[in-house]
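Dear colleague,

Please find below the sequence and structure that I am handing over to you. My notes on what was found follow directly after.

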Amino acid sequence: MVDEKHTLRQQKRREKRIAKSRRQCHCCRQIFMFCWHCRCGFSMCQTCMHENAWGLTCNGITWTCPDCGDQNGYGNQ
Ligand SMILES: [Zn+2]
Ligand SMILES: [Zn+2]
């Protein structure tokens, strides 16, 4: 019980005000510190992007947004 409380407190301290930069992956609906995102608002986490890379990118340089079909840079953000 004491250990549980201690862990919870540590987590809270670590999560202090970093929520601002968080994004929700439109694919798995989880919140991530980093997501690939399109200007239309579509976001996808690294895991989903990796899993869907075969369908979203054909050259490894750009990925196509499944929402608006726009090309986005893949690799430098
Ligand atoms: Zn995801
Ligand atoms: Zn888009």
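The model is a predicted one. Of the 77 residues in the chain, 9% count as buried. The chain holds 2 helices and 6 strands, and these follow one another along the sequence in the pattern α-β-β-β-β-α-β-β. Among contacts between residues at least 6 apart in sequence, 21% join residues at least 24 apart.

I turn next to the core. The largest nonpolar core comprises 6 residues, namely C25, C35, W36, M44, C45 and W63. Two or more residues of this core come from each of the elements β3 (35-37) and β4 (43-45). In soluble globular proteins, nonpolar side chains generally tend to be buried together. Within the core, C45 may be of interest to you: once residues up to four places away in sequence are set aside, C45 touches C25, C28, Q30, F32 and C35. Of these contacts, C25 and C35 are themselves members of the core.

The other residue that I examined is T64, which lies in strand β5 (residues 62-64). Is T64 buried, exposed or partly exposed? T64 counts as partly exposed because 16 C-beta neighbours lie inside 10 Å, whereas a buried residue would need 20 or more and an exposed one would have 12 or fewer. Apart from neighbours within four places in sequence, T64 is in contact with L56, G69 and Q71. As for Y74, this residue is 10 residues from T64 in sequence, and the C-alpha to C-alpha separation of the pair is 9.5 Å.

Yours sincerely

Conventions. Residues numbered from 1 in each chain as written. Chains lettered and ligands numbered in written order. Predicted model: local features only at pLDDT ≥ 70, side-chain atom pairs only at ≥ 80, totals over all residues. Core = buried A, V, L, I, M, F, W, Y, C linked by C-beta atoms within 7 Å. Helix = DSSP H or I, 4+ residues; strand = E, 2+ residues; numbered from the N terminus. Contact = placed C-beta atoms within 7 Å.
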